[in-house]
Amino acid sequence: MRQIYILLFMLSSVITYSQGSNCSNSFKETFEGYSVGSNFVYQSRLNGDNCFSTWDCTNGLNNPQDAIIRNSSYSGNYLNFYSLYSGGGPDDIVRYLGNKTKGVYELCFDIRVRSGKCAIYSLLHNFVCNDPYSSDYAFTTRFTGNYIQVQLGYNNYWSNITSYSNNAWSRVKYIFDLDKNLLKFYPNSNYSYYYSWSFDASNKPVRNITLAAIDFWTHSNADYDIDNFQFTSLSGPTETFSTDKKSHQLSKWMFWGNLHI
C-alpha cells in the first residue's frame, strides 16, 4: 500500500536519484536464474543489479511490495504481480530507465492477465520513492475485462482502445521519440496509438519529456505476469509515427468514466 513515511521519503529521494541516473543502458530481463517462489528485487540486488526497486525503495528481504518469481514448464520463469487487498497492493516494482531526455527508445515486454483479474502499470516522467504525489505519471495502462484502457487524465481512462485475451501472453511495445516529444504504443500487432509524451497524467502544471521509469503495481483484483522485459536504444532512422488506418492519435480529452484507482 502506498503509505508515505516522512523519514523514508527523505532518505529514499537521494537513493532514487543516484540509482535512476545509472540505469540508462539497454537491458533484457527474462527472470531466469532466480529462485522460484522468492522475491525478485531482493535477489536482483544481491546479484549487483540496482536498477529495479520496490516502490518504497527499501528493497530488503521479505519486503511485501517485492513481487514473486514464478515458473511453469511452458514459459519458464516469470514475474507475478498479485493484489492481496481490496484497495490494491502490496506488489509494486519500479524499473529505472535512466532519466532520458533525448533519443529514441523501445520498451517492450510480455504480459499475461488471469481470467477475471486485471493488470496495471505506469510510465513515469519522475519517480520519488513512496510518494505518488511527487512522482509524475506520464502514461498509465490498465488491462481489465478483456479490454486495454489508457489513463490520459488523472483518474480517468479512455474507453477500451483494444481487446486482449485472458490467460494468454501478449507482447506490448512502446517507442519513445524524445526528440519529437512522441510516444507510440503498440498494444498488439494490429494497431498502434500515438501521443504527446510530455503530457502528464497526474495533471501537474510543469510538462517535461523525461523518461524516468516504469512502475508495475497492483490495483484491486490484480493478478498478472511479466516476462521478456526489454529496453533498447534505437539507432538509424527514427520512428515516423505515421497516421495510417492502423495508427490512432490519443488525446487527453478522449477519456471516459472517472474510474478511480
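Begin by selecting N181, which, once residues up to four places away in sequence are set aside, touches Y195, S196, W197, S198 and I209. The model on the screen is a predicted one, and this tour starts from that asparagine before moving outwards.

**Around N181**

N181 lies in the loop between β11 and β12, and with a relative accessible area of 21% it is partly exposed. Colour the hairpin of β11 and β12, which has four residues between its strands, and N181 appears there with a positive phi near 55°. Now add W197 to the selection: although N181 and W197 stand 16 residues apart along the chain, their C-alpha atoms are separated by 5.3 Å.

**Along β11, β12 and β13**

Next select strand β12, residues 182-186, in which four of the five residues are buried, so that the strand is largely enclosed by the rest of the structure. On one side, β12 pairs with β11 in the antiparallel sense over five bridges, and within this pairing F176 has L183 of β12 as its bridge partner. Strand β12 is also joined to β13 by four bridges, again with the strands running antiparallel, and here K184 finds its bridge partner in Y194 of β13. The connection from β12 to β13 is a hairpin that passes through five residues.

While this part is in view, show the side chains of K173 and Y186, where the charged end of the lysine sits over the tyrosine ring, 4.5 Å from its centre.

**Two aromatic pairs**

How many aromatic pairs does a search of the whole structure find? The search gives 27, and two of them are visited here. Select F40 and F52, whose ring centres are 4.8 Å apart and whose planes meet at 80°; the pair is edge-to-face because an angle over 60 degrees is counted that way. This pair links distant parts of the chain, since F40 belongs to helix α2 (residues 40-46) and F52 to strand β2 (residues 52-54), 12 residues apart. Are these two residues buried or exposed? F40, at 0% relative accessibility, counts as buried, and F52, at 3%, counts as buried as well.

Then return to W197 and show F176 beside it: the centres of these rings are 5.1 Å apart and the planes stand at 75°, so this pair too is edge-to-face. Distant parts of the chain are again linked, with F176 in strand β11 (residues 170-177) and W197 in the loop between β13 (192-196) and β14 (211-217), 21 residues apart. F176 is buried at 0% relative accessibility, and W197 is buried at 1%.

**The nonpolar cores**

Keep F176 selected and add F109, I111, Y121, F139 and Y174, which together are the residues with the most contacts inside the largest nonpolar core, a set of 47 residues. Strand β6 (residues 104-113) gives the most to this core, contributing five residues. Centre the view on F109 and, leaving aside its neighbours within four places in sequence, look for its contacts, among them Y121, V172, Y174, I214, F216, I226 and F229. Apart from this core lies another, of 12 residues, including C23, C57, L124 and C129.

**Stops in the loops and one more ring**

Select R112 and Y78, where the arginine lies over the face of the tyrosine at 4.8 Å from the ring centre. From there, move to G89 and P90, which are joined by a cis peptide bond with omega at about 5°; P90 has its place in the loop between β4 (76-82) and β5 (92-100).

Two further asparagines are worth selecting in turn. N62, in the loop between β2 and β3 (68-72), has a positive phi near 65°, and with a relative accessible area of 57% it is exposed. N167, in the loop between β10 (156-163) and β11, has a positive phi near 60°, and at 46% relative accessible area it is partly exposed.

**Zooming out**

Finally, show the whole protein chain, which has two helices and 16 strands. Buried residues make up 54% of its 261 residues, while the chain exposes about 11400 Å², of which carbon and sulfur atoms supply 51%. Of the contacts with a separation of 6 or more, 73% are between residues 24 or more positions apart.

Terms used. Residues numbered from 1 in each chain as written. Predicted model: local features only at pLDDT ≥ 70, side-chain atom pairs only at ≥ 80, totals over all residues. Heavy atoms only, no water. Phe/Tyr/Trp six-rings, centres within 6.5 Å; stacked < 30°, edge-to-face > 60°. Buried < 20%, exposed > 50% of the residue type's maximum accessible area, 1.4 Å probe, protein only. Lys NZ or Arg CZ within 6 Å of the ring centre and 35° of its normal. Contact = heavy atoms within 4.5 Å. Areas by Shrake-Rupley, 256 points an atom, 1.4 Å probe, with all protein chains shown as cover. Core = buried A, V, L, I, M, F, W, Y, C linked by side-chain atoms within 4.5 Å. Pairing = 2+ DSSP bridges.
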